Amino acid sequence: RIVYLNGQWLPEDEAKVSIFDRGYTFADAIYEVTAVIGGKLLDYPGHVTRLKRSLEAIGIPMPVGENELLDLHHEIVAKNGVDEGLIYLQVSRGAEDRNFLYSEDLKPTFSMFTQAFPVLANPKVESGITVVSMPDGRWVNRQIKTVQLLYSSLAKMEAKKQGADDVIFVEDGFITEASSANFHIITRAGVLVTRHLSNALLHGITRGSVLGLAGKADLQFEERAFSVEEALDAAEAFVTSATNFVMPVVSIDGKAIGSGRPGASTLKLREIYIADKLAHAIG
Ligand code: PMP
């Protein structure tokens with residue numbers, strides 16, 4: 001692969017970052033993931049808006065201007081011949097001697113790489129995914145997309161040990177989200193319920209897009225917190241993320257949701273989402 005690092009295009013094994021980089025020593029970095037289909041970028045404006053918001057929240061400057069950022073996205077797709085997959089970008093505060101207090105004028109470290117894989121033909125859509133519930137032990141500012149992902153990574157490993165595909169986090173009796181996706185239910189009355197935005201969860205770009213398209217799937221939606229018990233009583237459940245789109249969830253803690261199979265409205269929403277995103281993809 002050809003990767004991007006601080007203004008340079010390099011073969012992946014030649015891209016080097018300092019061991020003093022604060023992304024490495026303090027997880028002091030922001031990231032974004034954008035899906036690519038047919039070489040085009042999905043939901044790109046949303047990802048850039050969130051990148052700016054995350055950087056601003058922890059006081060890291062945007063490393064390049066917006067026009068250049070879009071050009072870099074197009075260039076990295078072209079240089080790597082990516083048809084389907086993702087673009088990962090990361091901006092850390094920069095490198096200096098390890099110290100909890102950082103210099104305000106550090107030069108951010110900005111890197112980008114691609115990962116090619118079949119995004120559309122995801123075999124998990126057929127079966128749906130299974131999840132287990134666990135306490136949400138992450139820090140409280142989950143609306144900021146930082147690379148502090150250890151808790152989520154350990155939790156997903158634990159879910160795998162228990163034979164599940166993913167984890168859903170629970171705080172004060174209510175579900176926050178999955179390890180790297182937002183979690184939603186469709187009630188027996190046909191209402192899409194998704195947790196309201198706050199610092200308890202990442203404000204998923206796919207979540208926002210899906211809510212905008214709910215009407216097309218004949219679904220009303222409500223934004224409020226809900227419990228594992230309410231989710232188990234729902235007709236359908238699904239998660240959303242940039243590379244999984246709308247993914248059916250068929251059980252929680254070994255107990256089936258609805259029929260225990262991917263729900264019809266969920267699958268319809270997935271189709272509607274994909275069609276809409278392809279129609280608006282930037283390339
Ligand atoms: N929540 C978390 C914790 C995530 O890591 C992600 C994926 N980045 C999401 C939700 C989904 O966000 P998006 O739809 O923007 O990919």
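Helices are DSSP runs of H or I at least four residues long, numbered from the N terminus. One of them, helix α5, spans residues 150-161 and contains Leu-154. Leu-154 has 14 other C-beta atoms within 10 Å. A residue is buried at 20 or more such atoms and exposed at 12 or fewer. Leu-154 therefore counts as partly exposed. Leu-154 and Lys-124 are 30 residues apart in sequence. In space, their C-alpha atoms are 22 Å apart.

The structure is a predicted model. The protein chain has an average pLDDT of 97. A score of at least 70 is reached by 100% of the residues. For the model, ipTM is 0.99 and pTM is 0.97.

Six strands form an open sheet. Their order is β2-β1-β6-β5-β3-β4, and the pairing is antiparallel. Strands β2 (8-11) and β4 stand at the edges. Each has a single partner strand, so one side of each lacks a neighbour in the sheet. At one of these edges, β2 runs antiparallel to strand β1, which covers residues 2-5. Four bridges join the two strands. Within this pair, Val-3 has Leu-10 of β2 as its bridge partner.

Strand β3 covers residues 29-37. Seven of its nine residues are buried, so the rest of the structure largely encloses this strand. Strand β3 pairs with β5 (residues 85-92) over eight bridges, in the antiparallel sense. Ile-30 stands opposite Val-91 of β5. Strand β3 also pairs with β4 (residues 40-41), again in the antiparallel sense, over two bridges. Here Val-36 has Leu-41 of β4 as its bridge partner. Strands β3 and β4 form a hairpin, with two residues between them. In the turn, Gly-38 has a positive phi of about 60°. In a regular strand, side chains alternate between the two faces of the sheet.

The interior was examined next. In soluble globular proteins, nonpolar side chains tend to be buried together. The largest nonpolar core in this model holds 34 residues. Val-131, Val-167, Ile-168, Ala-231 and Val-249 have the most contacts inside this core. Strand β14 (residues 245-252) gives the most to this core, with six residues. A second, separate core has 24 residues, among them Tyr-44, Val-48, Val-82 and Ile-87. Contacts of Val-249 were also listed, leaving aside neighbours within four places in sequence. Val-249 is in contact with Gly-128, Ile-129 and Val-131. Further contacts of Val-249 are Ala-237, Phe-238, Val-239 and Ile-257.

The ligand is surrounded by 13 residues. The closest are Leu-202, Gly-204, Ile-205, Thr-206 and Ala-242. Two elements, α6 (205-213) and β13 (236-241), give two or more residues to this shell. The largest share, three residues, comes from α6. By type, the shell divides into five nonpolar, six polar and two charged residues.

Helix α6 also has buried residues: Ile-205, Thr-206, Arg-207, Ser-209 and Val-210. An α-helix has 3.6 residues a turn, so residues three or four places apart point the same way. The buried residues of α6 pack against two other helices, α2 (44-58) and α8 (264-280). They also pack against strands β10 (182-186), β11 (191-194), β13 and β14. Ile-205 and Thr-206 of α6 are buried, and both are among the residues closest to the ligand.

Note on methods. Residues numbered from 1 in each chain as written. Predicted model: local features only at pLDDT ≥ 70, side-chain atom pairs only at ≥ 80, totals over all residues. Pairing = 2+ DSSP bridges. pLDDT = per-residue confidence, 0-100. Near = placed C-beta within 6 Å. Nonpolar A, V, L, I, M, F, W, Y, C, P; charged D, E, K, R; others polar. Core = buried A, V, L, I, M, F, W, Y, C linked by C-beta atoms within 7 Å. Contact = placed C-beta atoms within 7 Å.
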